[in-house]
Amino acid sequence: MNDALRDLYREVILDHSRRPRNYGAMDAANRQSDGFNPLCGDRLRLFLRVEDGAVRQASFVGDGCAISTASASLLTEAARGLPVEEALTLVESFRRMVAGEGEPNGEALGKLAVFQGVRDYPTRVKCATLAWHTLRAAIEQSGETVKTE
Amino acid sequence: MISAPAYDLEKVRADFPILSEEVRGQRIAYLDNAASSQKPRAVLDAVDHVYETGYANIHRGVHILSERATEHYERSRRRMARFVGAQSADEVIFVRGTTEGLNLVASSLGRYALREGDEVLLTGMEHHSNIVPWQMVAELTGAKVLAAPVTDRGELDMDGFRALLSDRTRIVSVVHVSNALGTVNPVDEIARLAKQRGAYLVLDGAQAAPHLRLDVQALGCDFYCLSGHKMYGPSGIGVLWGKKRLLEAIPPYQGGGEMIRTVSFERTTYAEPPAKFEAGTPNIAGPVGLAAAADYLDALGIPEVAEHEARVREYAESRLAEIPGLRVVGTAREKAAVVSFVVDGVHPHDLGTVLDQEGVAVRTGHHCTQPLMERFGVPATARASFGLYNTEAEVERLAAGLGTALELFRP
């Protein structure tokens, strides 16, 4: 197996794709949004509990590739406890990192930096960002299915 | 390598310049031929030859270059008439590809033949390009679009097809060879049944053209569409064949130059087919490349090509069967050179990325057949599709790449 593959599929990503965290519908959710990538058929539904201007809890259900599943799983961990403005900033930082725009903000991204390798795989950027676009839609409550194509 | 002596694989591979390109230090095992095929030197040279020796706009200049370009273009039409088995060259319309051919037929035949309550019968294994144009014309005319069911093997359910065929069926439009599964449909029987009901038959031949010898008259269809780029010709050129009397009867598709006889603000009259359906300056060099591709295929012999591809496909199926948790989607008894599959615990998209890193090009996704994916309960598949230059050694690389993927994704 070559290094480029190891760079993309870091252990953390493989672990979260095999055992996604916060997987399941949330009864207490007061926001939810659907994401769909028509290119590869990836689908997810994101549930949020937002109180006092902050994300208290996040979970998801869906069916997708390792990158999109791990991204959604890590998102649900990263978003928990964030004020919604900070969550929206994180969406943009994440998007910029995987799209290869500028230097990634390592401090803000923390564990999410494992997705850095995606920038070398243009066809996989949308897999990584699907959950994040869906998070923005859930926070902004646009109510429309987010498409990454 | 087990190859019949008559089929010189080494020589065939040497005809395709791209096959000796190296990416990341190795040659690419190109197993994505159902999406698009690579081009032999003869096709590339034929296209260059037009631009270098006889290029100008066609059918209108009095000068020598226009004459030469027109001759190149019309000779290619005659060549493609022979390739599909048309009665005359006037039955061959040059289009961008199968998608444009199907849009043309759906729009023009649809407006001619469909009334409110009429039905268009498709199958559950159609490419989106043989679904959406019919939905568009159905919306315009008040007709209904139906789809015949597909069996678990990925074959057309003929009882289901017969049950949906009725006196309301005005048009039957069916894929000759499925792009997603490789299934070869029983088009002779479909033609017989459609004719019994007085329905027009349209065939999508995009995947059939590089694998099956075509004879549109023997097939008993009314329209047949194919794409140049899937049969080793250039992209952006394809053929719509139609029965002459129908091409005369149906309204034009696009309006513009070349497709008219006279134009006035009071009344415009149309040219005869094929000009009637070729508005504007067409792809002039494309048909020449396509004709060269037809020459190339016929020189090798389509039956010989098909035999070689069947050998490679069967080898691939036997190698993939050894991989635990791998399931082939589409196991029709009559199949062209396609193997679609899913692997437990590994998403097709991840398989595609790993294989790409190993220098093996396959397609992953829904293959523009979302209803079919739904039918098999999968969001997507990985698809290896073989062409006349593929080898058993490339199948070995596919199998090795799948091994790498399993190692990576299975805990």
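The questions below concern one helix and several salt bridges in a predicted model. Local features need pLDDT of at least 70 and side-chain atom pairs count only at pLDDT 80 or more, while totals for chains, interfaces and linings use all residues. Residues are numbered from 1 along each chain as its sequence is written, chains are lettered from A in the order in which they are written, and side-chain values use heavy atoms, with hydrogens and water left out.

Q: What span does helix α2 of chain B reach from its first C-alpha to its last?
A: Helices are DSSP runs of H or I with at least four residues, numbered from the N terminus, and strands are runs of E with at least two. The expected span is 1.5 Å times one less than the number of residues. Helix α2(B) covers residues 41–53, which is 13 residues, and its span is close to the expected 18 Å, reaching 18 Å.

Q: Why do the buried residues B:Val43, B:Ala46, B:Val47 and B:Val50 lie on the same side of α2(B)?
A: Buried means under 20% relative accessible area, exposed over 50%, and partly exposed in between (1.4 Å probe, protein chains only). An α-helix has 3.6 residues a turn, so residues three or four places apart point the same way. B:Val43, B:Ala46, B:Val47 and B:Val50 are buried. They share a side because the arc they cover around the axis, taken from the directions from the helix axis to the C-beta atoms, is only 95 degrees.

Q: Which residue of chain A meets B:Asp350 in a salt bridge?
A: A salt bridge is a side-chain nitrogen of Lys or Arg within 4 Å of a carboxyl oxygen of Asp or Glu. B:Asp350 lies in helix α12 (residues 348–357) of chain B and its partner in the loop between α5 (106–109) and α6 (125–140) of chain A, so the pair joins two chains. Both residues are buried. The N to O distance is 2.9 Å, and the partner is A:Arg124.

Q: Is B:Glu119, which forms a salt bridge with B:Arg168, buried or exposed?
A: The closest N and O atoms of B:Glu119 and B:Arg168 are 3.1 Å apart. The pair links distant parts of the chain, 49 residues apart, with B:Glu119 in strand β5 (residues 119–123) of chain B. B:Arg168 is partly exposed at 47%. B:Glu119, at 4% relative accessibility, counts as buried.

Q: Which residue forms a salt bridge with B:Asp152?
A: B:Asp152 is exposed, with a relative accessible area of 63%. Its partner is in helix α13 (residues 370–375) of chain B, 223 residues apart from B:Asp152. The closest N and O atoms are 2.6 Å apart, and the partner is B:Arg375.
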